[in-house]
Amino acid sequence: MLPQMNGWVSCFSFLLFCTYYMAAARNVNTLLELSPQEYSSSLQPGRASLVYFSRDGSPGVRLFLEQLENSVGALQDYGISVVKVNCLKEDVSRYCGKENALMKAYLFRGNVLLREFPTDALFDVNAIVANILFALLFNEVKYITTLVELQNLENSLKGRSNVVFAYVPAIGTPEHRAVMEAAFVYGTAHQFVLTTEAALLKNIGREDSDALSARLFFCHCQRVPDLAQPCRRTPMVQSLTTLNIHTYLKLMAAPIVTEVAEDPEKVSTVHLQLGLPLVFILSQKETYEVDKRTAEFVAWQLLGKAGVALLSRDSIDLNVLLRSNVALKTAKEGVPIKYLVLEDTDEIIALVEDKIKGEQIQEDEDESDDNNDQDIQDDQVMEAVYRDRKRELPLELIRTLTEETFNAALTETAHMVVLFYSSWEAVSLAMLQSYVEVAVALKGATHVRLWHCINYP
C-alpha cells in the first residue's frame, strides 16, 4: 500500500507544481493593477515602467487597455514593467488628478518621469513596444530628417563605429518595432539612426525605393580612416523583421574575406550557418595579392548574399584541375563543392546571384504547388457536392438537434457522434453525405447515436 501511496503523493505534487507554474506563467503576462499607494511603494530605482492611471467608469479606454495588457509579455522581455494604477474619484494627486489623465500613459525610470504618451499613439502592441523602446534608447537611436544630419553623423564615426540607418514610413509600425528591438541588442555595437522622411531615401541614391516600404542600410564607417572618403552603404534586401535584421547584422559583422588553408569541405562560416553560399577564390603564392583584391571586390558586391573565402592552393592538395580558379559551396548537406573556371569577377557574381534567384523561384513554385493542391481539393469537394446535389439522403436515420435540445440529448446515451455543419458550406455538405453512410452502417446499434446540428454558429 505504501508504494501506491507514494505514487499518489508524487502525482499530486506534480499536479501542484504544474498548477503553480501555469499560474505563474499567466501572471507574467497579466497587467498589474495597483492602487496609487501600492504603486508608489513598488517603485525600484533604475527600473523602467509604463503606467496608465485609470478611473472607474471609463469605457472609452477599453481597447487601449486590451492592447496594453497584450504588450505586457513583450515589454517584460526588456525589463519594463506595465502597470495600471486605479485612481480613486476623490484623488487629486499629480497624475490621478489630471483632467486629461485618461488620455495619456507615462513612462518612468524609478520615480523619474521620462515621457508622456497620448494613448492614441499606443494603438497596438507594435506601437507600444516601438514607442517605449524608442524613448528608452534615445542615446542609441538618433532621429534625423535631412541628409546633412546623416553625413555629419557618419563623419563623426569614421574610423570608430558603423551606422545602421533605417527608414520607416511611420512611428509605431511593425518595422519600427523591429528596428527598436534590434537597437536594444546591438545599440552598443553600432550607432542606430532612424528617419520617417521618404525624401532621404532619394537623397542617398535610392530613387526606386517605395515610399511605403521600410528600408535599412548598413553604413561601413569603422573601416574608413579618411574623412574625405564616404562610408559604403549596404542595403538590406529582406523585409524588416526582427529575425531578418538580426541575421543581416550578423552578416555585416563577419569578415569581408576569410582566408583559409584547409579542406574546403571542413570550412564553416557564418554565411553557411545562415543558409547562404560560400565562394572560394583559389589562390597561390605567385598571384596572392591579385587574388586577394579580386576576393575583396567580389565580397563587397555579394555582401549579405554570400560569403567569400580566399583558399590557398599551396597549403592543401586539391584534387581538381589546376586552371580551376573558383569554387562554390552551398549550405545544403551532401551537395559537393563545385570547382569552376571563370573568366572575370562579373561571372562569379552572376553565378551566385543566379543561384540565389533560382532557389527563390523554386521556393515560390513549391509554395504555389501547395496552394494549388489545396485549390484542387476544394474544387473536388465542390464538384462532388454539385454532382450529388439531387441525391436524396436517408436523413431519417439521423436525429436533428437545435440549441434547445442539445444539452438534454447529451444525457440520453453513453456514446454519441455529433456533426456540426452549415448547410451553405460545400465541405459541410460533403461531410454530411459521408456521415449518413456511417449512420446506415451503424443502423440498429443501440450504443451509438449520430446527430447533426444545423447551421451551428
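The following dialogue examines a glutamate and the cysteines around it in a predicted model.

Student: Which helix holds Glu 154, and is this residue buried or exposed?

Tutor: Glu 154 is found in helix 6, which covers residues 147–157. A residue counts as buried when its relative accessible area is under 20%. The value for Glu 154 is 5%, so Glu 154 in helix 6 is buried.

Student: Which residues does Glu 154 touch, not counting residues up to four places away in sequence?

Tutor: A contact requires heavy atoms within 4.5 Å. With residues up to four places away in sequence left out, Glu 154 touches Val 163, Cys 219, Cys 221, Cys 231 and Arg 233.

Student: Which cysteines form a disulfide?

Tutor: A search of the whole structure finds one disulfide. The cut-off for such a pair is sulfur atoms within 2.5 Å. At 2.3 Å apart, the sulfur atoms that form the disulfide belong to Cys 221 and Cys 231.

Student: How many residues apart in sequence are the parts that this pair ties together?

Tutor: Cys 221 and Cys 231 both lie in the loop between strand 9 (215–220) and strand 10 (232–235). The pair therefore ties together parts whose separation in sequence is ten residues.

Student: How far from Cys 219 is the nearest cysteine sulfur?

Tutor: Cys 219 counts as buried, because its relative accessibility is 0%. Both Cys 221 and Cys 231 are buried as well. Cys 219 is nevertheless in no disulfide. The nearest cysteine sulfur is that of Cys 221, at a distance of 5.6 Å.

Notes: Residues are numbered from 1 along each chain as its sequence is written. This is a predicted model: local features need pLDDT of at least 70, side-chain atom pairs count only at pLDDT 80 or more; totals for chains, interfaces and linings use all residues. Side-chain values use heavy atoms; hydrogens and water are left out. Helices (H or I, at least four residues) and strands (E, at least two) are DSSP runs, numbered from the N terminus. Buried means under 20% relative accessible area, exposed over 50%, partly exposed in between (1.4 Å probe, protein chains only).
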